[in-house]
Protein chains: 2
Amino acid sequence: MTALQKLRKRTGELADLESVQMLLSWDQLVMMPPEGGRARSEQLGTLARLNHERARDEQLGEWLTEVEGAELGELERDIVRLARRDWERARRVPEELAAELARAAAEGQQRWQVAREADDFAMFAPALERNVELAREYGVRVAGEGLTPYEGLLGDFDFGLRADELRRMFGALAEALPPLVGEAERCSPQRTLDVPVAAQQGTVAGVLGRLGVDRSSWRVDVSAHPFTAWIGRGDTRLTTRYSDGNVESLLSSLHEYGHALYERQIDPALVRTNLGRGTSMSVHESQSKVWENHVARSAPFAELLAGELAAAGFSIAAEELHATMVGVKRSLIRVTADALTYPLHIILRFELELALIEGGLAVADLPGAWSEGVRRLLGLEVPSDALGSLQDVHWGAGTFGYFPSYALGCLIAAQLWEALERELGPRDEDLRRGEVDAIKTWLGERVHRHGRRLDTTELVESATGAPLSIDPFMRYVEPLAQPRP
Amino acid sequence: MTALQKLRKRTGELADLESVQMLLSWDQLVMMPPEGGRARSEQLGTLARLNHERARDEQLGEWLTEVEGAELGELERDIVRLARRDWERARRVPEELAAELARAAAEGQQRWQVAREADDFAMFAPALERNVELAREYGVRVAGEGLTPYEGLLGDFDFGLRADELRRMFGALAEALPPLVGEAERCSPQRTLDVPVAAQQGTVAGVLGRLGVDRSSWRVDVSAHPFTAWIGRGDTRLTTRYSDGNVESLLSSLHEYGHALYERQIDPALVRTNLGRGTSMSVHESQSKVWENHVARSAPFAELLAGELAAAGFSIAAEELHATMVGVKRSLIRVTADALTYPLHIILRFELELALIEGGLAVADLPGAWSEGVRRLLGLEVPSDALGSLQDVHWGAGTFGYFPSYALGCLIAAQLWEALERELGPRDEDLRRGEVDAIKTWLGERVHRHGRRLDTTELVESATGAPLSIDPFMRYVEPLAQPRP
């Protein structure tokens, strides 16, 4: 075999191992009996070690050196470019640090769970300190030339993002969004919708069916926290959850559909290469937000949803459903936040994790800084740690630099949707009828098919003709603060 | 790390990889959407290659040489002994042969499927020839000193079994069983039971619940062919299938329960070592046959089953149910054969695969030899290839030397059951009440806890105080040929 063949064989193996890890995690959250947890941790640990070992081995470096001098086609050049990048990053993390990160993350997650139940940040603080310390060390190592430790961490989720750029955009949002919140709250319906679970289930099944979800290559299951797993071509699995008295299942199933569609529409030529998955967390989140914010929360789609709900036995006017879906109400909790206040929750976390990693914020001072931020950004008082800095698992699980992608996803989605409607014309008629083929095709062409060949900022510019900006998102949320007819 | 620690770490990894492969196969058969098949083959292929590579690497041999000179505890001695055995076997198979075996097996399985549908052996013959040729080469390589190629193949499923011993026992069965069949058929009920699927489901759930199957560490699902997967401690998954008009689901769920219980009762100290699974296919099959033949097909257990069926809305006398469960009727198909004729189907396959591998039987002559064997052993005429030599997937999938374990399982089960009742007294009262704790404990102590520490013949002798023999099985089947009151 030539060096290039060996390299491609290795990328195929690594892609398979990632798929296998994803299947194990899906199974753990959806199918596994509870007492299987310990064995599953061992299995996932072994796969992660094997993956890391094969991603950083000497031979791979030798093959790279050999092929980098060769005449290569366009696709192969990208395979080699990303293989070099991934290998360099993996090489910068010694085995012992990788093991210690995994150990501390498992421990931290467990301490976090206990502390949250006890509503006591002090119980969590030592584990968090350890996670911050290790994340800083990891960030320093992977950062590469000219980048800060936090940018090193960001690179795992969104390669190429700079902290200054985030500071600038998030700073502008932190100025522009809060003034809209009061007015938007006044325009929002006061009561929640009491949609029975059975009607939600029928509606979710009906809507997903219209979007092309069928049994030949999809699964739709229930899990405690909705998520999507792409196990392989022809095997996409999304989950949702149902509870009485809200319509979260309708939004969340469309959200997950967006993640799923991204992976499904990647160019088949990239399967089992290192390019064959979504390029970054923020672009992934943008794909879910396109379907959650711009499809599910649109007025015409509310007509379709109301029709499906009626068929499932729950009668509601499309206008009332739409008003509920776009309703704004400040809250202390990120995961249930509305489309307008959601980015404010993320900006808070970005500011704080940046300060923890490289700004000198001490872990002990985190609850105070959290309360101050919530007051400034949302105008609310934080009554307890459980409703404050203990609400998210991320830092306990050793994940720093991930939060920005949630807000960037909202921005990118709005920018993509504007470009899409600029080119294809308004989608109202299609959405009313549940006709989404043109939307799927446009997203496939502009975003999905590229896989990892384009990084976040490059992709946004190539797809929309403009650099990433907060303006389209502001144009999307401003109407939420205007009285509806 | 010492060489022993490195060795144990490696056996832990290999055990994890096996568990992961089992989960992927379970998922494929129970959960995966149909279009996920191609990606799943790639994933399983990659895991098999990684596993093979790590099972045969040089380093492992160096660690072994180092620890074999050292002072070791009893458990460690067995770990090292089996690690040496497994490593030597893996070393004897070159990568290219392993890859070619896998490729030919996949191809053969596909050709088999097409040929069976077309009912045309000639379409399958070339692929089977290739599989026979490769199996012979593999058998020669792994056999080791003093063993024949067929015994090399046997060793993958039942280490230490000798072909002469099988010839002797199977020859005796081939003499002793056919004379019983006619009389047993005359004693058997002529009509089948029309148990609705819902009543079967309720009964299976009720019975498994009594045996200790609960949601905390078990799953029970439906699949086209019943099987059991042990994914890890606290994660056992059995499957069954339901169809109107028979009671197969009752027998098959007890059968699978036996496999599951074996793996669950292995000594916890063996978890993630190379000793922590069932020792052989024949002992595994014996554990399923204990529950299928000696529990589910017993007269007192029929009382319990009849009670569960009644609770699920289907009324039947225990005697009638029992008569159906032990009914004998010759047929051409192995998988639905009764307890008496089942071994005859296996003996046929053993004779033929032995002749294919080392006795000079040409593939082209297989259908004729099959017909001759069915006439001799079962007194039936084979009307077509689909009902003859094309009925099983094994040879198409490149599996030779596996069939004997099905019949050996029947023999070992009968021998274990006799020993158990000799020591604990007749179990009739317990079975009538669904009280199986004493049976589980006895099997755990004598069979399960040892894992791979004892090989088949050693284990049978240690558990029952006597070498493996056909006599207990004959004593079990003889009453089937006697008129029931």
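Which side chain of chain B meets that of Asp27(A) in a salt bridge? In this predicted model, the partner is Arg237(B), with an N to O distance of 2.8 Å. The pair belongs to a set of eight salt bridges counted between chain B and chain A. On the side of chain B that touches chain A, the elements contributing two or more residues are helix H1 (3-30), helix H2 (37-55), strand S1 (218-222), strand S2 (228-232) and strand S3 (235-240) of chain B. Classified by residue type, this side of chain B comprises 16 charged, 14 nonpolar and eight polar residues.

The contact draws 38 residues from chain A and 38 residues from chain B. About 3000 Å² is buried between the two chains, with 58% of that area on carbon and sulfur atoms. Across the interface, 16 residue pairs are found in polar contact.

The arrangement of the two chains was then examined by superposition. A turn of 180 degrees, with a shift of 0.0 Å along the axis, lays chain B on chain A with an RMSD of 0.0 Å. The two copies are therefore related as by a two-fold rotation axis. Of the interface residues of chain B, 100% are also interface residues in chain A, so the copies meet through the same surface.

Within chain B, helix H19 (residues 437-446) was also considered. Its buried residues are Ile439(B), Lys440(B), Trp442(B), Leu443(B) and Gly444(B). The buried residues of H19(B) pack against five helices of chain B, namely H11 (248-264), H12 (281-296), H17 (404-424), H18 (428-433) and H20 (456-464).

Key: Residues numbered from 1 in each chain as written. Chains lettered and ligands numbered in written order. Predicted model: local features only at pLDDT ≥ 70, side-chain atom pairs only at ≥ 80, totals over all residues. Heavy atoms only, no water. Contact = heavy atoms within 4.5 Å. Buried area = accessible area lost by both parts, 1.4 Å probe. Salt bridge = Lys/Arg side-chain N within 4 Å of Asp/Glu carboxyl O. Polar contact = N/O pair within 3.5 Å; in protein donor to acceptor, adjacent residues only side chain to side chain. Helix = DSSP H or I, 4+ residues; strand = E, 2+ residues; numbered from the N terminus. Nonpolar A, V, L, I, M, F, W, Y, C, P; charged D, E, K, R; others polar. Buried < 20%, exposed > 50% of the residue type's maximum accessible area, 1.4 Å probe, protein only. Least-squares fit on C-alpha atoms with pLDDT ≥ 70 in both.
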